Amino acid sequence: GGDDCYSDLRPTSNYLGVESSIPAVKMEKVEKLAVPCLPVGEGPHWQEDLQALLFVDVFAKKLRRHFINTGRSQELYLDDGDSATHVSMVIPVEDDPEMMVVALGKNLSVVHWSVDDPDIHTTKPKVLHTTTDHRFNDAKCDPQGRLWAGTMCPLDDKGKALEYNNSSLYKFDHDLVCTSWVKKVTLSNGMTWSHDRKSFYYIDTVAEAIYHFDYDDEAGSISNQRVLLNYPEAGLQDQRPDGMTTDVDGNLWVACFGGRQVICVDPKEAKVIRKIAIPSKNVTSVCWGGKDYSTLYVTSGTLRTTPEERAAYPSSGGTFAVTGLGTKGTPPINYKVNLDKLK
């Protein structure tokens with residue numbers, strides 16, 4: 001990334017040509033995975049037991065799984081009888097490695113997907129819950145394995161909100177009981193928790209803001225909403241916050257839709273401390289993975305980009321592995337749910 005905060009450091013020798021005792025700065029490397037470029041790739045989730053990246057192909061209503069060590073890729077088409085036009089997230093169920101919760105339009109559903117299934121396969125999802133909101137968008141599990149899922153407004157062809165403040169953030173507990181926690185949301189997106197389990201961070205993309213809440217881990221409750229980072233005020237006027245994750249240092253890594261980058265935010269200082277350039281305009285989400293969680297996987301999309309923009313960035317819509325960041329993440333949390341409720 002040409003404009004991150006390390007770019008003005010030079011490795012191993014100072015300007016007098018004398019060998020320096022400062023160690024070489026390890027620069028990040030961004031590589032495109034051998035998976036198709038998508039209109040919108042989203043919701044990356046690392047499957048440690050498989051060393052595979054799970055993510056959604058939003059408009060194709062497909063789950064995709066890319067096995068990092070072998071290069072194998074699987075696709076699972078979700079046949080819901082055409083009731084939904086989008087799949088927006090996938091999260092594995094804790095005690096059944098072949099069971100996954102997906103958001104398909106208004107429905108939170110469950111599917112089975114095995115590594116033994118054909119590489120291109122179709123399944124019928126089973127509906128667990130239907131929202132009265134326009135549709136689900138992003139979701140993530142809290143440290144106790146409860147599922148938080150947000151909804152979003154309808155958008156026009158240019159991506160402009162057609163309605164405002166009528167979506168919400170919901171929590172599904174271990175028994176699938178749904179409660180509403182944040183109202184008057186327009187486009188629910190990235191969620192992540194602090195390691196001390198005292199803070200919850202959440203994005204409303206249309207509001208161009210990352211929010212900070214107090215989080216009660218035992219109760220699974222959030223309170224005291226305030227703005228952590230406002231994009232225009234932070235000089236990020238031409239882009240919007242999308243998916244988000246936390247590193248071991250407690251910093252937030254945020255995908256910037258329209259910004260060709262992922263930013264790193266120090267939540268204690270409420271400021272951007274690093275920017276990583278991604279060769280795709282619309283960067284959608286991020287997650288940590290790889291054998292020691294030091295790889296940042298980044299999804300993106302070609303949606304609402306011009307032919308000129310795609311020509312300038314031939315990797316547009318790609319899924320990327322970013323290494324050499326000098327930090328890492330922690331394992332993702334799967335949905336800890338009463339399996340009897342899914343049958």
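Colleague: Which residues line the largest cavity?

Modeller: Bear in mind that this is a predicted model. The structure has 1 cavity of 30 Å³ or more, and about 30 Å³ of space lies in the largest cavity. Its lining is made up of Val35, Phe55, Arg64, Arg65, His66, Ser73, Gln74 and Glu75.

Colleague: And which elements give two or more residues to that lining?

Modeller: Look at the lining by position: Arg64, Arg65 and His66 are in it, and so are Ser73, Gln74 and Glu75. Set those against the strand limits, 62-67 and 73-78. The elements are strand S4 and strand S5.

Colleague: How do the lining residues of the largest cavity divide into nonpolar, polar and charged?

Modeller: Val35 and Phe55 are the nonpolar ones, while Arg64, Arg65 and Glu75 count as charged. That leaves His66, Ser73 and Gln74 as polar. The split is 2 nonpolar, 3 polar and 3 charged.

Colleague: Over residues 40-301, what are the helix and strand percentages?

Modeller: That's the stretch where UniProt, in an unreviewed entry, places "domain: SMP-30/Gluconolactonase/LRE-like region". Its end C-alpha atoms are 4 Å apart. As for the make-up, the chain there is 0% helix and 59% strand.

Colleague: In the open sheet S15-S16-S17-S18, which are the edge strands?

Modeller: The 4 strands are paired antiparallel in that order, with neighbours turned by 25° against each other on average, direction ignored. An edge strand pairs on one side only, and that picks out S15 (188-193) and S18 (221-230).

Colleague: What is the bridge partner of Asp214 in S18?

Modeller: S17 covers residues 209-216 and runs antiparallel to S18, with 7 bridges joining the two. In S18, the partner of Asp214 is Ser223.

Technical notes. Residues numbered from 1 in each chain as written. Predicted model: local features only at pLDDT ≥ 70, side-chain atom pairs only at ≥ 80, totals over all residues. Heavy atoms only, no water. 1 Å grid on protein atoms, 1.4 Å probe; cavity = no way out; pocket = protein on both sides within 12 Å on 5 of 7 lines; lining within 4 Å. Points joined across faces, edges and corners; volume = space filled by probe spheres on them. UniProt positions renumbered as here; feature names shortened; annotations may be inferred. Pairing = 2+ DSSP bridges. Axes fitted to C-alpha atoms, helices over the stretch in contact; angles between N-to-C directions.
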